[in-house]
Amino acid sequence: MRVTIDINPNIEEDEVVIRQRTVSENNELIQKIMSLISEKSSTIVVYKKDTEYFVDIKNILFFESDTNVLQVHTKDDLYVCKYKLYEIEDIMPKNFVRISKSTILNIDYVMSIERNLTSSSLVELMDTYKKVYVSRAYYKDLKQKIIERRIIR
């Protein structure tokens, strides 16, 4: 079996294509591997006190770095994650965007942005009391990602 990886920054979403001459016993193994990959990418392991939770990525509002701890915010809860913020930035899907040195936001939950030209702008999130700030350095990128996301939908 030959494996080829094609890096293309112009594609919207990662894609896996498997080509075979005939149906083989490897098909079942390939299907198991693919299901594990898709399952893994839809949840993240987080912690609250001594309990380990598997949170669906769709339910995460934002990640926030606080000293040596990475906090994971959902609508109703706050968890801790063992990843570093830069690692989260690499593994999360495109709807997660860095909005400051310490925060990565799920733009699917953005309800409004209160623009402030002299300092950070306030971002209000849907269906929650939680709010975050986008720094001036990341504001344009956030706006662009929101526009791109809304066009795609």
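**Close-up 1. Lys48 faces Thr51 across a hairpin.**
In this predicted model, Lys48 stands opposite Thr51, a residue of strand 2. The two strands here are strand 1, covering residues 43-48, and strand 2, covering residues 51-56. They run antiparallel and are paired over 6 bridges. To get from one to the other, the chain makes a hairpin with 2 residues in between. Look for Lys49 in that turn: its phi is positive, at about 55°.

**Close-up 2. Two lysines sit over tyrosine rings.**
Let's stay with Lys48 for a moment: its charged end sits over the ring of Tyr79, 5.7 Å from the ring's centre. Next, find Tyr47, where Lys82 lies over the face of the ring. This time the distance to the ring centre is 4.7 Å.

**Close-up 3. Phe63 and Phe96 make an aromatic pair.**
The model has 2 aromatic pairs. One of them joins Phe63 and Phe96, with 5.8 Å from centre to centre. Their planes are 55° apart, so the pair counts as tilted rather than edge-to-face, a label kept for angles over 60 degrees. This pair links distant parts of the chain, as the two residues are 33 apart. Phe63 belongs to strand 3 (residues 60-66), while Phe96 is in strand 6 (residues 96-100). Both phenylalanines are buried.

**Close-up 4. Val3, Ile5 and Ile7 form a nonpolar patch.**
Here we're on the surface, where these three residues make a nonpolar patch of about 400 Å². Ile5 is found in the segment before helix 1 (26-42). Its relative accessible area is 70%, which is over the 50% cut-off, so Ile5 counts as exposed.

How values were computed:
Residues numbered from 1 in each chain as written. Predicted model: local features only at pLDDT ≥ 70, side-chain atom pairs only at ≥ 80, totals over all residues. Heavy atoms only, no water. Pairing = 2+ DSSP bridges. Helix = DSSP H or I, 4+ residues; strand = E, 2+ residues; numbered from the N terminus. Phe/Tyr/Trp six-rings, centres within 6.5 Å; stacked < 30°, edge-to-face > 60°. Buried < 20%, exposed > 50% of the residue type's maximum accessible area, 1.4 Å probe, protein only. Lys NZ or Arg CZ within 6 Å of the ring centre and 35° of its normal. Patch = residues over 30% accessible without salt bridge, like charges linked within 9 Å, V, L, I, M, F, W, Y side chains within 5 Å. Areas by Shrake-Rupley, 256 points an atom, 1.4 Å probe, with all protein chains shown as cover. Salt bridge = Lys/Arg side-chain N within 4 Å of Asp/Glu carboxyl O.
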